[in-house]
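Thanks for asking me to look this one over with you. Below are my notes, written for someone opening the file for the first time.

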Amino acid sequence: MTPEMLSALVALVLGVVLAVTLGFVVARQGRLRRSLGHARADVQALEARVATLSDRLTAAEGEAHSGHELALIYNPVKSGVDEIRAYVETQARRDGFGDVLVLETEEDDPGVQMARDAVAAGVRRVLVAGGDGTVRTVAEELANTSVALGIIPLGTGNLLARNLSLPINDPEECVRIALHGHQRVIDTVDVRLVHEDGERTRHTFTVMGGAGYDADIMGDTRDDLKDMAGWLAYSEAGLRHLGGERREVSVALDGGPFRTFRMRSVLVANCGMLTAGMELLPEAKLDDGLLDVLILSPRNTLDWARIALKTLTRHRRDLDSLHTKQATRVQVRFAEPTLSQLDGDATGSITALDARVQADSLVVMIKNEERASVQS
């Protein structure tokens, strides 16, 4: 083969290789363009989907947050409640909170659905104007949420308000505290009851729950006397039930063994102050993560006198007729059905209760000067 022919052959081979390479490159570029086009389409579809989801989230937030920062739940049968409602709405608008979501309790619903509606509406604070029953019902729904509870006490006992050192005789000042006070986290109590007919119910309370003498008083206090004499009406009912018989009860603390007592009353308390500033359980505090258990077992009038003297003088000496303990869980079994109450609300005859502390579960509004310590 001559050099000329060899050169021509090499040139031909190189030309074929170059043509094949160029064809491959062109074909690959085409595939890349098509892939890039598909990728662009995928990205555009993804962007459209993200935009749609964002629109849905924005719409959902608009539905969840109705524009209300505050809700007012009130018991319409309480004296002076119309004036309080007007004052709350005026103060809220003046102080930049905007319109208030106003919800009225009903005869067959003391506040359950109203509190749920307020939470669903995205409010940050719920003001409750009513008595202990309304406050307890709303607190049960707000427990373990970040929604704060502001109390405007309009009841007879107003026990949670008393234990938070709120000015119970100045509802307008309570409104101002609910709007501008300090937020404090307190404990609540989760309690399961076994009723006389075998039904099991579950509740939350903030002050005291129990069975026996205390429930007899709460269930038999005359409404007309409460209207006329306020908390003194409970004294009249207490005197009428003073001579009842002791009953057998078994109590277990923190999962330990049951111990049997003869009692007139068993109380599980989250705080210790009663009406008129009397401290039934001086050691009980709203934010200590503990339940205080009180077993009253007086045998005669002299025992009752000793219990009354101890309560009035806040003496810490133990009595044979008064037993106190602390625990995080309290189980009680009653030998016979016994009337019960939670924060002053009658809850029927029960045969057992199981109470457990829910530490740091409820946000409440208190006076700014009470920031350092919640009252026991």
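1. Let's begin with Arg299, which counts as exposed because its relative accessibility is 56%, over the 50% cut-off. Arg299 sits in the loop between strand 11 (291-296) and helix 10 (301-313). Please bear in mind throughout that this is a predicted model.

2. Which residue forms a salt bridge with Arg299? The partner is Asp303, and the closest N and O atoms of the two are 3.3 Å apart. While Arg299 is exposed, Asp303 is buried, with a relative accessible area of 3%. Arg299 also has Arg246 to look at: the two residues are 53 apart along the chain, yet 7.6 Å separates their C-alpha atoms.

3. A word on confidence. The average pLDDT of the protein chain is 82, and 73% of the residues score at least 70. Residues 1-27 have a pLDDT below 50, and this stretch makes 3 contacts in the model beyond near neighbours in sequence. Residues 372-376 also stay under 50 in pLDDT, and for them the model has 20 contacts beyond four places in sequence. I would ask you to keep both stretches in mind while reading the model.

4. Now the chain as a whole. The protein chain has 10 helices and 14 strands, and 45% of its 376 residues count as buried. Its accessible surface is about 19600 Å², with 52% of that belonging to carbon and sulfur atoms. Among contacts with a separation of 6 or more, 69% are between residues 24 or more positions apart.

5. Strand 3 (residues 125-130) is a good place to look inside. Why is strand 3 described as largely enclosed by the rest of the structure? Because 6 of its 6 residues are buried. Arg125, Leu127 and Ala129 point one way from the strand, whereas Val126, Val128 and Gly130 point the other way, and all of them are buried.

6. Strand 3 has partners to trace as well. Strand 1 (residues 70-74) pairs with strand 3 in the parallel sense, over 5 bridges, and here Leu70 has Arg125 as its bridge partner. Strand 4 (residues 148-153) also runs parallel to strand 3, joined to it by 6 bridges, with Val126 standing opposite Leu149. Following the chain from strand 3 through helix 4 (residues 132-142) to strand 4 gives a right-handed β-α-β unit.

7. Helix 6 (residues 171-180) is worth a look next. Its buried residues include Cys174, Val175, Ile177, Ala178 and Leu179. What covers the buried residues of helix 6? The cover includes strand 1, helix 2, strand 3, strand 4 and strand 14 (345-366).

8. Asn75 is found in the loop between strand 1 and helix 2. Is Asn75 buried or exposed? Asn75 is buried, as its relative accessible area is 14%, under the 20% cut-off. Apart from neighbours within four places in sequence, Asn75 is in contact with Val81, Thr105, Ala129, Gly130 and Thr134. Two of these names, Ala129 and Gly130, should be familiar from strand 3.

9. Back to charged pairs. Side chains of opposite charge can pair when their charged atoms come close. How many salt bridges does the structure hold? There are 14. One of them joins the side chains of Arg124 and Glu69, at 2.1 Å from N to O. This pair links distant parts of the chain, 55 residues apart: Arg124 is in the loop between helix 3 (112-120) and strand 3, and Glu69 is in the loop between helix 1 (3-64) and strand 1. Arg124 is exposed, with a relative accessible area of 53%, and Glu69 is partly exposed at 21%.

10. For a pair within one helix, see Arg85 and Glu89, whose side chains meet in a salt bridge at 3.7 Å, N to O. The two residues are 4 apart in helix 2 (residues 81-94), so about one helical turn separates them. Arg85 counts as partly exposed, at 30% relative accessibility.

11. One last item to find on screen is a network of salt bridges, which links Arg136, Glu140 and Asp345.

Terms used. Residues are numbered from 1 along each chain as its sequence is written. This is a predicted model: local features need pLDDT of at least 70, side-chain atom pairs count only at pLDDT 80 or more; totals for chains, interfaces and linings use all residues. Side-chain values use heavy atoms; hydrogens and water are left out. pLDDT is the predictor's confidence in each residue, from 0 to 100. Contact means heavy atoms within 4.5 Å. Buried means under 20% relative accessible area, exposed over 50%, partly exposed in between (1.4 Å probe, protein chains only). Two strands pair if DSSP finds at least two bridges between them. A crossover is right-handed if, with the strands pointing away from the viewer, the path from the first strand over the helix to the second runs clockwise. Accessible areas come from the Shrake-Rupley method with a 1.4 Å probe; for residues, only the protein chains shown count as cover. A salt bridge is a side-chain nitrogen of Lys or Arg within 4 Å of a carboxyl oxygen of Asp or Glu.
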